[in-house]
Amino acid sequence: MRGDGDSIPVPSCWQNHGYDSHQYINVRFPIPFDPPYVPDENPCGLYETEFLRESQTQSRSYLYFEGVDSCFYVWVNGTFAGYSQVSHSPSEFEVTELLADGTNRLDVLVLKWCDGTYLEDQDKFRMSGIFRDVWLIERPCDFVRDYAVTTGITFGEDQVTPQSAEVCLSLSRSTGGSRRELFVRAILRDASGSVEAEGQTTLVSNGSEAKLVFPVKHPRLWSAETPYLYTLEIRTENEILHQNVGIREIHIESSVVKLNGRPIKIRGVNRHDSNAKTGYTISREQLEEDLKLMKSHNINAIRTSHYPNAPWFPEYCDRYGFYVIAEADIEMHGVTSFYGGSSKKTFCTLAMDPMFDKAVIDRVERCVKRDKNAPCILIWSLGNESGYGNSFEKAGRWVKAYDPTRLTHYEGAVYEAEGHVNDTSMIDLYSRMYPHVEWIDEYFADPGNKKPYFMCEFVHAMGNGPGGIRAYMDRMYRYEGFLGGCVWEWCDHAIYDGVAENGKERYLYGGDHGERFHDGNFCVDGLLYPDRTPHTGLREWKNAICPVFVTEIDAANGMFLVENRFDFLEASGEAELCYEIKAGGSAQDETVILADGTKELPHLLPHEKAALTIPVPKLPENMDVYVKLTFIRKKAVEYAACSSTFGFAQFCMQERKVSVLQRENRAEHEVVLVEEPEEWIVLCGTLRVAFGKKTGAPTGIFKDGKSILWGHAGYQIYRAPTDNDIQIKEKWKEAGYDAAMTKVYHSDAFCLDGEAHYVADIGIAAIYRQPAVHLHADWCVNRWGRVIVTLDAHKDMAMPPLPRLGIMLPVERSMRHVTYYGYGPDESYIDKREHCYVDMFQAEVEDLHENYIRPQENGSHYHCRYVSLENEKYRLLAEADNYLDFNVSDYTVEELAGKRHNFELEPASGSLLSLDARMMGIGSNSCGPDLPEEFLRDEAHTVWKVQLQIEEL
């Protein structure tokens with residue numbers, strides 16, 4: 001600590017207030033692996049405070065700590081009250097005999113590390129202190145010590161329509177109080193406050209238990225889509241307790257998970273309690289912001305990675321409607337990282353160590369007991385990435401005995417210690433993280449696999465990502481036994497560090513705090529920025545899990561198949577269809593709405609499908625025509641207006657057939673070719689294009705004597721690696737793609753049929769490597785002032801797939817306004833475009849930059865017909881014969897690849913317009929599987945044409 005008398009807010013993490021320093025580390029332990037010992041140099045904080053307490057002669061007093069990292073000792077008025085650990089679970093001390101009337105003193109000594117550190121090796125910033133609230137709770141001398149609420153449902157013949165239900169309340173009485181009877185009255189109220197049922201009982205002696213059953217004649221069931229809550233009041237003479245009650249029932253039937261008799265799908269996220277300014281300490285307001293964002297983006301489930309979230313977290317999930325996979329505060333991943341360790345050899349080290357048996361069981365018990373009455377919790381998770389062994393088997397058996405009404409999960413059960421045969425009979429779900437989709441097919445093709453499959457983590461959303469979601473969604477709805485999955489993860493973890501001199505906000509990650517051992521920006525891996533601004537990845541996930549799904553039957557004739565992916569709601573009561581048929585695709589033609597309107601969806605019960613037809617007008621010739629189907633909310637909800645969307649689908653009804661390169665402009669000019677010592681100069685009216693004899697590309701483009709470029713054009717095969725390129729970028733560097741140079745073997749220029757051609761044979765290679773690509777480039781300037789670029793590229797297939805293949809034009813800075821026709825309005829890639837659609841879009845250059853905390857490739861647009869940049873006087877238009885991918889940015893590839901933080905970026909002298917014949921997909925290989933071949937776009941031979949035109953406005 002900095003010194004005597006300093007103040008620190010409680011709750012908070014002391015690293016956020018200048019004590020100690022931040023450290024982000026993922027798998028590795030932050031201390032030597034020498035269990036149960038920790039370093040002697042163990043940072044600690046001594047908290048001291050005073051509080052007033054009025055005379056309480058007929059009550060008992062308890063100190064209640066919601067969360068302290070990592071362990072702590074408590075003294076009240078100088079007398080030792082107790083010790084506890086397990087950071088994310090509550091600890092309670094009875095202090096009745098230690099308190100005095102009037103002023104009391106509380107001392108709490110918190111240690112950064114303890115033997116529990118070996119069980120709390122979660123992927124997050126390592127912070128310390130009293131990070132959740134502390135309460136002094138006054139209770140009567142005799143009180144209800146504990147209670148449990150369970151529900152049972154009687155269904156009709158269809159097994160989904162509820163006929164009646166029972167709410168069961170089990171009660172236990174405190175010990176150590178008086179011997180008089182404790183009378184308990186309980187009232188069950190519906191959501192309007194009306195009494196549904198009531199009952200009473202008497203707890204006659206210390207520790208006695210009783211049970212009340214409340215019949216419900218016409219129950220309204222709880223689900224994420226219909227989060228109806230009853231309220232249970234538990235009354236004694238001096239106290240009233242309130243408990244949310246959701247009537248619901250979860251079970252497995254024929255390898256399918258069913259809630260209230262219906263199959264369900266989990267479309268979730270993994271979530272930490274985290275804040276860029278306050279660390280582990282979060283507010284209820286922030287939680288509500290998170291939950292509202294999730295609901296508005298179609299998310300229906302949360303896995304509490306990898307510990308119990310704040311104690312009031314389940315109450316909000318009950319109310320908003322989320323399925324919760326509640327995870328115990330256990331991760332022992334570091335056993336794979338000590339010397340000689342690996343996932344195969346040592347993952348089960350601590351899970352098999354009797355020293356940690358009681359600790360593992362205790363942590364699972366604390367998780368279950370704290371949240372056992374929350375209807376939102378459907379699944380108990382025993383922990384995360386800790387291997388498997390005797391301790392988890394014992395913990396799993398305890399859970400099934402204590403709470404047989406819920407399912408159990410533990411992904412670590414796939415690991416097996418040498419000489420130990422795993423007993424997984426108490427684990428209800430089979431789980432595997434980040435599988436490739438072919439593995440999922442294999443799992444369901446094996447008749448021996450009886451357990452439902454759950455992806456507790458998949459499509460790693462780090463940086464620019466995730467890509468490839470559609471393939472997982474296809475499998476989720478193909479296989480009934482595929483319960484679903486949770487994206488890793490909800491929000492970027494970073495430390496807010498104020499504003500830089502250039503006015504940009506500073507967010508820091510691993511390695512920015514002087515720590516020797518860290519894991520860089522691997523914590524910056526969410527669907528949101530730390531300030532809760534959505535990434536494009538969140539919108540990608542939203543549309544991929546839209547509850548109304550459409551496939552085409554015959555799009556050209558307006559015929560589609562609609563599927564209701566709600567699990568409990570009838571589709572037409574929730575959503576309305578808006579359709580729009582639009583023609584475009586050429587920069588010379590206006591984009592035109594051919595038809596639009598609204599249409600009622602068919603009456604679709606959950607998981608039903610039906611044909612849908614929309615009216616189709618006569619389609620114009622030689623234009624791209626797309627139909628966009630948008631699903632609008634019919635009802636306003638707390639987190640979304642009635643005019644907001646669930647999502648959309650788009651289909652191509654017609655593609656243009658005639659190449660835009662065959663069209664002619666009205667004005668013709670003589671094309672003149674002039675040879676100079678270092679360049680070929682082509683003149684056409686007021687257009688002047690200079691080609692370097694040794695560059696293989698334009699060295700300048702001028703219109704009316706004004707320069708359109710601020711530097712030399714060139715060829716590109718490299719992109720600034722994304723976080724999801726973390727594996728393949730090493731292959732790129734090994735092949736020299738990041739340091740590739742252009743070698744012009746031969747260039748020439750000539751006139752033919754009134755056109756000037758500059759041709760060059762080019763190799764692209766790095767020092768000591770063979771050329772990755774051989775190019776034949778033909779730059780043709782025709783008499784209408786168009787520059788037609790033809791690239792004939794041959795790739796060395798022994799080398800890794802190219803990140804991209806195309807040309808780069810450094811465009812003069814004043815040309816800021818961008819118009820394009822293709823996938824937008826957000827960045828889009830071949831495997832990351834669920835949230836985008838084809839249309840004509842306009843934006844400014846700076847708006848096309850996605851400001852990831854670690855700079856990387858961003859802002860590309862897939863499958864575009866054209867793109868243009870313009871200022872007040874000129875327009876530079878690039879139009880593909882078929883399609884192009886483009887990116888326009890203020891930052892060079894080298895700048896994006898070389899800087900660690902977005903606030904360090906320095907803009908180039910002008911914009912960089914990249915026109916790509918192809919751009920590799922995104923995937924999620926920062927933690928997930930390799931990019932599928934179809935998204936590598938690794939082609940041996942590519943012929944590609946693009947037309948450039950400078951127009952005066």
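A residue counts as buried when its relative accessible area is under 20%. That cut-off is used at several stops below, in what is a predicted model.

**Stop 1: a tyrosine pair.** Select Tyr 230. Its relative accessibility is 2%, so Tyr 230 is buried. Now add Tyr 228, which is also buried because its relative accessible area is 14%. The whole structure holds 47 aromatic pairs, and Tyr 228 with Tyr 230 is one of them, in an edge-to-face arrangement. The ring centres are 5.1 Å apart and the planes meet at 75°.

**Stop 2: a ring cluster.** Select Tyr 430, Trp 439, Tyr 443, Phe 444, Tyr 453, Tyr 479 and Phe 482 together. Ring pairs link these residues into a cluster.

**Stop 3: charges over rings.** Select Phe 549 and Arg 565. The charged end of Arg 565 lies over the Phe 549 ring, 3.7 Å from the ring centre. Then move to Tyr 837 and Lys 628, where Lys 628 sits over the face of the tyrosine at 3.6 Å from the ring centre.

**Stop 4: a loop serine.** Select Ser 274, found in the loop that runs between β22 (266-271) and α1 (284-296). Is Ser 274 buried or exposed? With a relative accessibility of 8%, under the 20% cut-off, Ser 274 is buried. Show its surroundings next: leaving aside residues up to four places away in sequence, Ser 274 touches Gly 279, Ile 282, Gln 286, His 493 and Arg 532.

**Stop 5: strands β5, β6 and β8.** Select residues 71-76 for β5 and 79-85 for β6; these strands pair antiparallel over six bridges. Within this pairing, Trp 75 has Phe 80 of β6 as its bridge partner. Two residues separate the strands in the hairpin, and Asn 77 there has a positive phi near 50°. Next add residues 102-111, which make up β8. Strand β8 is joined to β5 by six bridges, again antiparallel, and Val 76 is matched with Leu 106 of β8.

**Stop 6: a five-stranded sheet.** Select the strands β39 to β43. They form an open sheet in the order β39-β40-β41-β42-β43, with antiparallel pairing. Which strands are at the edges? They are β39 (671-675) and β43 (706-707), each of which pairs on one side only. Finish inside this sheet with β40 (residues 679-684) and β41 (residues 687-692), an antiparallel pair joined by six bridges. Here Trp 680 has Phe 691 in β41 as its bridge partner.

Terms used. Residues numbered from 1 in each chain as written. Predicted model: local features only at pLDDT ≥ 70, side-chain atom pairs only at ≥ 80, totals over all residues. Heavy atoms only, no water. Phe/Tyr/Trp six-rings, centres within 6.5 Å; stacked < 30°, edge-to-face > 60°. Buried < 20%, exposed > 50% of the residue type's maximum accessible area, 1.4 Å probe, protein only. Lys NZ or Arg CZ within 6 Å of the ring centre and 35° of its normal. Helix = DSSP H or I, 4+ residues; strand = E, 2+ residues; numbered from the N terminus. Contact = heavy atoms within 4.5 Å. Pairing = 2+ DSSP bridges.
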